[in-house]
Amino acid sequence: MGDVLSEKKEADIEEIMNRRQRNENTPLDYTTKDGRGIEHTGSLAVGVFSHLLWDGALEPDSGTYTDFYSWLDDTITVRSNLDDVEFILKSHPAEEIRGTNESVADWLNENYNPLPDNFTFIPADTDVDTYQLLNQLDAGIVFASTVGLEMAYDKIPIIIGGYPPYHDVGLGFTPETKPEYKRLIKNIATLECTDEMQRQAIKFSYVLFQCSNIK
């Protein structure tokens, strides 16, 4: 994806990403600033990040999954058998502020009550700092969340189930089929964010957060 960034461009995107982690970059950042994370008991901590169902980019016609809840259903079903892995499912905090067509909490109550023992669900109104949580994770699973890009930027391996802007640019694992997606989850302990994946994340972050701005 393009050439190597100059030192100045790398410094620019590093500052932008640091500002995002401090929740200073944009008024559309919703995460709390209290620095709270979450305790986990598994030998491997995997974050699963929800998004908003009114987001037009959430359910495109492309991607491994085109339906958010089909993705979430398969994700829970596959990983429920991985007893040595702690899965932390975080609902997007803007659900509480701006609402959504159907909250993740409501869907879970209808379909997974209770969740498997190796799951921790963080509702939208819980004061957990997203960026503090990222510091505690060994891997991530996303549908279309920008958090996936930020994890790859910090060299955390990610599995992509939907079609975010950074889909298939080489910064994470983008399965072509649902069976391949499920296999990746089953083997998530072996996944690694390579140096090249991180480089792609740095370059794409620059394109998304810097080049898209008009100064």
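Is Lys155 buried, exposed or partly exposed? Keep that residue in mind as we walk through the chain, and we will come back to it.

**Before you start**

You are looking at a predicted model, in which local features need pLDDT of at least 70 and side-chain atom pairs count only at pLDDT 80 or more, while totals for chains, interfaces and linings use all residues. Residues are numbered from 1 along each chain as its sequence is written, and side-chain values use heavy atoms, with hydrogens and water left out.

**Stop 1: the whole chain**

Show the cartoon. The chain has eight helices and five strands; these are DSSP runs numbered from the N terminus, with helices (H or I) of at least four residues and strands (E) of at least two. Reading from the N terminus, the order is α-β-α-β-α-α-β-α-β-α-β-α-α. Of the 215 residues, 50% are buried. Here buried means under 20% relative accessible area, exposed means over 50%, and partly exposed is in between, using a 1.4 Å probe and protein chains only. Contact means heavy atoms within 4.5 Å. Among contacts in the chain with a separation of 6 or more, 72% are between residues 24 or more positions apart.

**Stop 2: helix H2 and Thr75**

Select residues 68-79, which form H2, and then pick Thr75 within this helix. Thr75 is buried because its relative accessible area is 0%. Now show side chains: those of Thr75 and Tyr181 are joined by a polar contact of 2.6 Å. A polar contact is a pair of N or O atoms within 3.5 Å; within protein, one must be able to donate a hydrogen and the other to accept it, and residues adjacent in sequence count only if both atoms are side-chain atoms. Apart from neighbours within four places in sequence, Thr75 is in contact with Ile141, Tyr181 and Ile185.

**Stop 3: H2 against H7**

Add helix H7 (178-186) to the selection. The axes of H2 and H7 come within 9 Å and cross at roughly 40 degrees. Axes are lines fitted to C-alpha atoms, for helices over the stretch in contact, and angles run from 0 to 180 degrees between N-to-C directions. H2 and H7 are therefore oblique to each other; angles under 35 degrees count as roughly parallel, over 145 as roughly antiparallel, 65 to 115 as roughly perpendicular and the rest as oblique. Their crossing is right-handed, meaning that the near helix is turned clockwise from the far one by less than a right angle, whereas anticlockwise would be left-handed. On the H2 side, display Trp71, Asp74, Thr75, Val78 and Arg79; they meet Lys178, Tyr181, Lys182, Ile185 and Lys186 of H7. The residues of this contact divide into four nonpolar, one polar and five charged. In this count Ala, Val, Leu, Ile, Met, Phe, Trp, Tyr, Cys and Pro are nonpolar, Asp, Glu, Lys and Arg are charged, and the others, Gly among them, are polar.

**Stop 4: H2 against H4**

Swap H7 for helix H4, residues 104-111, which packs with H2 at an angle of about 55 degrees, the axes being 12 Å apart. H2 and H4 are therefore oblique to each other, and H2 passes H4 in a right-handed crossing. Phe68, Tyr69, Leu72, Asp73 and Ile76 of H2 make the contact with Val104, Trp107 and Leu108 of H4. What kinds of residues meet in the contact of H2 with H4? They are seven nonpolar, no polar and one charged.

**Stop 5: the loop after H4**

Move to the loop between H4 and strand E3 (119-122), where you will find Pro114. A cis peptide bond with omega of about 10 degrees joins Asn113 and Pro114. Asn118 is in the loop between H4 and E3 as well, and Asn118 counts as buried because its relative accessibility is 7%. A polar atom of the Asn118 side chain lies 2.8 Å from the backbone oxygen of Leu82. Beyond neighbours within four places in sequence, Asn118 is in contact with residues including Arg79, Asp83 and Glu86.

**Stop 6: Glu86**

Glu86 is in strand E2, residues 85-90, and is buried at 7% relative accessible area. Measure C-alpha to C-alpha from Glu86 to Thr120: they are 34 residues apart in sequence and 7.6 Å apart in space.

**Stop 7: two positive phi values**

Most residues other than glycine have a negative phi, and most peptide bonds are trans. Select Lys155, in the loop between helix H6 (147-153) and strand E5 (158-160). Phi of Lys155 is positive, near 65 degrees. As for the opening question, Lys155 counts as partly exposed, at 33% relative accessibility. Finish at Asp168, in the loop between E5 and H7, which has a positive phi of about 60 degrees and counts as exposed at 55% relative accessibility.
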